[in-house]
Amino acid sequence: MTMSLAHAPSSRRLDGLLPFWVGIGVYALLLAVGSGLLNDPDTYWQITLGQWMLDHHAVPRTDIYSFTMQGQPWISTQWLAQVAYALAYNLGGWAGPVVLAAASASLAIALLAGFLHARLARTPALVILAATLALMAGHMLARPHVLAMPVMVAWVAGLVDAMDRRSAPSFRLLPLMVLWANLHGGFVLGLALIGPIALDAIWHAPKERQARMLLRWILFGVAALAASCVTPYGWEALLASQRILGLGAALAVIGEWRPANFGKAGPLEFSVLAAFAFVLWRGITLPPMRIVLVLGFVYMALGHVRNAEVLALLAPLVLAKPLGEQLGQPEAAASAPNRLFLAGVALCLIAGTIVIASKRQYTPSERAAPIAAVDALKQLNVSRVFNDYDFGGYLIWRGVPTFIDGRTELFGEKLMVDHNDASGLAQPDNLFRLLKDYKIDATFMRTESAATKLLDRLDGWEKVYSDDLATIHVRKDGATGRVRE
């Protein structure tokens with residue numbers, strides 16, 4: 001008995017550090033696979049735009065990177081994240097965005113771990129965190145949504161904590177909404193969650209407090225809406241997010257916006273089925289509004305695979321309290337970590353990061369960076385290039401005006417779908433029409449694409465460069481558009 005009592009304070013101190021160690025572990029893992037965070041071609045144009053804002057001390061309001069939409073109205077709801085990535089790149093090369101994205105993602109996981117650890121026994125909390133990492137693995141990229149992750153977790157955790165306490169949230173959460181609205185357009189979700197969470201908190205509160213709580217939640221919601229407009233664009237940021245969601249068929253042609261595919265078992269499909277089986281096995285029950293919230297997150301993830309991180313990070317927050325009541329709560333309150341100890345570990349992390357970043361060569365995926373092909377393209381001095389969607393980011397990086405790129409909301413549903421049908425020859429006439437209507441001088445497509453194979457045989461188009469990644473065709477005088485035998 002004496003020994004167990006003697007070891008109890010030490011055990012509680014270790015428990016208090018669990019979220020801390022989880023965050024460090026995730027950070028170390030992401031640094032180890034650092035180049036994987038650079039596998040998205042959009043990272044190129046995000047950094048380029050961030051540098052433009054640093055150089056001009058302004059935010060964009062019209063398109064300056066494509067020739068198809070040159071001068072058209074366009075705003076960047078991710079401007080602050082883009083500036084952060086540009087600063088990180090200026091400071092450390094490609095290691096800068098890797099470290100920044102890794103630190104942000106690990107902070108989000110650590111915040112989630114702390115929330116779960118305060119409400120759940122250690123084993124179920126760790127199982128949930130493992131599932132969270134699996135769901136997020138494919139979305140750990142040096143892009144703005146990763147920088148918004150810890151803000152999203154902190155915001156929703158604050159709302160859910162108020163729901164757990166059957167109270168109203170603190171107005172001290174509002175700076176998080178300001179930050180989120182400047183980092184990523186996903187802040188709209190944070191606003192949308194206020195309503196259902198407030199309804200649950202008010203419904204379960206004592207009747208004599210419900211009217212007062214309703215007023216406080218309404219005031220908080222109005223204040224949050226106002227806070228979301230504290231951006232260089234004001235309320236236009238809300239409209240921009242709506243335009244993205246209203247792109248319809250265009251979203252289906254972009255990998256991250258496609259629905260989940262249960263024809264093959266991936267982390268998302270496996271996690272949904274495993275959770276369903278566990279609920280049936282253990283007979284887990286939830287209050288009605290929490291069921292609605294969790295089903296909403298599942299629906300979002302199944303509708304667009306990019307929302308897997310929303311399910312991974314937010315569903316555990318909503319489930320933590322009822323799961324703790326049914327699966328087991330922490331045995332005792334964990335002791336707060338010693339500040340001097342945390343400062344020492346932080347210094348070690350900074351030193352370790354500097355050493356690792358200086359020794360490792362982080363580089364983006366070669367498939368998104370056809371360096372030699374762009375070198376050849378720039379020597380041709382052509383101005384109107386029909387490019388593959390995935391090459392748009394790198395072309396912006398190299399200063400080549402694009403036909404299309406990752407700024408989907410700028411190009412709109414019709415052009416996105418027409419381009420996809422043309423490059424894949426789902427509608428061959430679209431290819432001929434786009435080449436003619438936009439007076440295309442050259443094409444810059446993936447070598448294995450269907451459009452490239454057709455252009456190889458199309459009268460009036462000459463192949464002038466080709467490698468394993470990209471092929472360039474240029475228009476010849478007197479092109480007829482007939483297919484050569």
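How many residues apart in helix α19 are Asp418 and Lys414? They are four residues apart, which separates them by about one helical turn. The close-ups below come from a predicted model, and the first one starts with this pair.

**View 1. Asp418 and Lys414 form a salt bridge in helix α19.** Here the two side chains meet with N and O 2.7 Å apart. Helix α19 covers residues 408–423. The partners sit in contrasting surroundings: Asp418 is buried, with a relative accessible area of 10%, whereas Lys414 is exposed at 57%.

**View 2. Five charged residues join into one salt-bridge network.** Arg119, Asp161, Asp164, Arg165 and Arg290 are linked through salt bridges that share partners. As a reminder, side chains of opposite charge can pair when their charged atoms come close. In this network, Asp161 and Arg165 meet at 2.9 Å, N to O. Asp161 is partly exposed, with a relative accessible area of 24%, and Arg165 is also partly exposed, at 45%. The model has 16 salt bridges in total.

**View 3. Asp164 pairs with Arg119.** The closest N and O atoms of this salt bridge are 3.4 Å apart. Asp164 belongs to helix α7, while Arg119 is in the loop between α5 and α6, so their pairing ties together parts that are 45 residues apart in sequence. Have a look at the surroundings too: both Asp164 and Arg119 are buried.

**View 4. Helix α6 has a buried side and exposed residues on the other.** This helix runs over residues 122–136. With 15 residues at 1.5 Å each, α6 should span 21 Å, and its end C-alpha atoms are indeed 21 Å apart, in agreement with that expectation. The buried residues are Pro124, Ala125, Ile128, Leu129, Thr132, Leu135 and Met136. They lie on the same side of α6 because they cover an arc of only 140° around the axis. Turn to the other side and you will find Thr123 and Val127 exposed. Among the elements covering the buried residues are α2 (18–32), α5 (95–117), α7 (144–164), α13 (267–282) and α15 (308–327).

**View 5. Strands β3 and β4 pair in the antiparallel sense.** Strand β3 takes in residues 461–466 and β4 residues 470–475, with five bridges between them. A hairpin of three residues makes the connection from β3 to β4. To find your place in the pairing, start at Tyr465: its bridge partner in β4 is Ile472. When following the side chains, keep in mind that they alternate between the two faces of the sheet in a regular strand.

Technical notes: Residues numbered from 1 in each chain as written. Predicted model: local features only at pLDDT ≥ 70, side-chain atom pairs only at ≥ 80, totals over all residues. Heavy atoms only, no water. Pairing = 2+ DSSP bridges. Helix = DSSP H or I, 4+ residues; strand = E, 2+ residues; numbered from the N terminus. Expected span 1.5 Å × (residues − 1). Buried < 20%, exposed > 50% of the residue type's maximum accessible area, 1.4 Å probe, protein only. Arc of directions from axis to C-beta. Contact = heavy atoms within 4.5 Å. Salt bridge = Lys/Arg side-chain N within 4 Å of Asp/Glu carboxyl O.
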